[in-house]
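Me: I would like to go through the labels attached to this model one at a time and ask what each of them rests on. Please set the value against the cut-off before you conclude.

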Amino acid sequence: MSEGYVVIALGEKYIQLAKNFEDTLRQNGDNRPVHVVTQDMIDKDNDKYRDCDVPNERFNCYPKLHLNEYAVFEHNILIDADVLCIGDTQHVWDMCRNQSQFILHRGWKAITGWNRGLQTKVQEIHGFTPPRIHGAFVYLRASEMNDDFFHWIQNDAWFEYTKWCTEDVKSRHHRLSRSDQVIYALGYGKFGLLPCELMETPIMTHILTANHANPPHDRINFKNLTGPKLDNPVAFAHIEQLFQESTPESFLR
């Protein structure tokens with residue numbers, strides 16, 4: 001039980017997706033346990049949960065920010081339910097265990113135009129630079145967990161979201177929601193953490209349409225970007241839009 005996956009599955013559709021994810025792990029030779037977080041495991045009797053304004057905050061942002069409460073393994077990988085395993089995962093676990101941070105997202109270390117210049121604005125006003133974070137994969141080492149980090153993202157950044165973002169980014173979010181990616185990015189900047197490079201680390205590719213190439217993958221696709229050829233095959237595929245009912249090519253339509 002030293003290594004395992006954590007999947008947040010709040011609702012029957014997501015429980016089925018979590019089962020699909022586990023099936024693909026087994027098909028690719030990964031027998032690590034999968035801890036599925038369901039509705040009854042979420043602590044709803046607190047001011048933070050009551051402060052959730054929209055479904056995306058209740059069912060996505062809030063539980064992801066409370067990963068420390070669901071980390072039942074020493075080495076945890078929180079992965080989105082709409083992800084499939086497409087290859088060998090051992091190199092991902094080796095990389096996560098051998099790097100020095102207690103927590104590791106994928107993302108971009110450099111300043112980009114993300115969120116209309118959010119990184120630069122935070123740097124100018126608050127004096128630290130958040131990296132750009134993607135939230136579909138998170139590694140967490142339980143024995144080295146920084147409680148101050150989680151307290152800050154779950155309280156300071158949560159209740160004073162606009163202040164720490166320097167402007168009302170919630171009103172322009174596509175779901176009018178706080179963003180776990182933005183809050184984790186703020187936490188990374190404030191606590192001196194960095195993500196691994198999303199396009200250069202063979203963790204996860206992104207299949208956005210049914211026309212994208214089938215696995216195995218030797219490079220990462222992300223929106224309109226294609227990364228360099230990688231030394232190891234990509235282990236996971238995020239099939240987000242194909243599992244959203246609003247997408248014309250969705251498997252759920």
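**From labels to values**

Me: What makes Arg219 count as partly exposed?

Reply: The relative accessible area of Arg219 is 30%, and since a buried residue lies under 20% and an exposed one over 50%, a value in between is called partly exposed. All of this refers to a predicted model, and the values are computed from that model's atoms.

Me: How do you know that Arg219 and Asp218 form a salt bridge?

Reply: The closest N and O atoms of Arg219 and Asp218 are 3.3 Å apart, and the cut-off for a salt bridge is a side-chain nitrogen within 4 Å of a carboxyl oxygen, so the pair qualifies. Asp218, at 34% relative accessibility, is also partly exposed. Side chains of opposite charge can pair when their charged atoms come close.

Me: How many salt bridges does the whole structure hold, and which residues are linked in a network?

Reply: A search of the whole structure finds 16 salt bridges. Asp51, Asp53, Glu57, Lys170 and Arg178 are linked in a network of them.

Me: Where do Arg26 and Glu22 lie, and what makes their contact a salt bridge?

Reply: Both residues belong to helix 1, residues 12-27, where they are four residues apart, which is about one turn of the helix. Their N to O distance is 2.9 Å, and because the cut-off is 4 Å, the contact is called a salt bridge. Arg26 has a relative accessible area of 30% and Glu22 has 29%, and because both values fall between 20% and 50%, these residues are described as partly exposed.

Me: Why are Arg50 and Asp47 called exposed?

Reply: Arg50 has a relative accessibility of 51% and Asp47 has 53%, and since exposed means over 50%, both residues receive that label. They also form a salt bridge, the closest N and O atoms being 3.0 Å apart. Within helix 2, residues 47-50, they are three residues apart, or about one helical turn.

Me: Why is helix 6 called oblique to helix 8?

Reply: The axes of helix 6 (residues 147-159) and helix 8 (residues 180-190) come within 10 Å and cross at roughly 125°. That angle is above the 65 to 115 range for roughly perpendicular and does not pass the 145 degrees needed for roughly antiparallel, so helix 6 is oblique to helix 8. The crossing is right-handed. Phe149, Phe150, Trp152, Ile153, Ala157 and Trp158 of helix 6 make the contact with Ile183, Tyr184, Leu186, Gly187, Tyr188 and Lys190 of helix 8. By class these residues comprise 10 nonpolar, one polar and one charged.

Me: What makes helix 3 oblique to helix 6?

Reply: Here the axes come within 9 Å and cross at roughly 140°. Roughly antiparallel would require over 145 degrees, and roughly perpendicular ends at 115, so helix 3 is likewise classed as oblique to helix 6. In this contact Glu57, Cys61, Tyr62 and Leu65 of helix 3 meet Phe150, Ile153, Gln154 and Trp158 of helix 6, a set with six nonpolar, one polar and one charged residues.

Me: Which residues of helix 3 are buried, and what covers them?

Reply: In helix 3 (residues 55-65) the buried residues are Asn56, Glu57, Cys61, Tyr62, Pro63, Lys64 and Leu65, a label that means under 20% relative accessible area. Their cover includes strand 1, helix 2, strand 3, strand 6, helix 6 and helix 8. Glu57 is thus one of these buried residues and also part of the salt-bridge network.

Me: What sets the phi values of Asn115 and Leu176 apart?

Reply: Most residues other than glycine have a negative phi. Phi of Asn115 is near 55° and phi of Leu176 is near 50°, both positive values in residues other than glycine. Asn115 lies in helix 5, residues 114-126, and counts as partly exposed at 22%, whereas Leu176 is found in the loop between helix 7 and helix 8.

Me: How do you know that Ile125 is exposed?

Reply: Ile125, which has its place in helix 5, reaches 57% relative accessibility, and because the cut-off is over 50%, the residue counts as exposed. Its C-alpha is 36 Å from that of Ala81, at a sequence separation of 44 residues.

Definitions and conventions. Residues are numbered from 1 along each chain as its sequence is written. This is a predicted model: local features need pLDDT of at least 70, side-chain atom pairs count only at pLDDT 80 or more; totals for chains, interfaces and linings use all residues. Side-chain values use heavy atoms; hydrogens and water are left out. Axes are lines fitted to C-alpha atoms, for helices over the stretch in contact, and angles run from 0 to 180 degrees between N-to-C directions. Helices (H or I, at least four residues) and strands (E, at least two) are DSSP runs, numbered from the N terminus. Angles under 35 degrees count as roughly parallel, over 145 as roughly antiparallel, 65 to 115 as roughly perpendicular and the rest as oblique. A crossing is left-handed if the near helix is turned anticlockwise from the far one by less than a right angle, and right-handed if clockwise. Contact means heavy atoms within 4.5 Å. Ala, Val, Leu, Ile, Met, Phe, Trp, Tyr, Cys and Pro count as nonpolar, Asp, Glu, Lys and Arg as charged, and the others, Gly among them, as polar. Buried means under 20% relative accessible area, exposed over 50%, partly exposed in between (1.4 Å probe, protein chains only).
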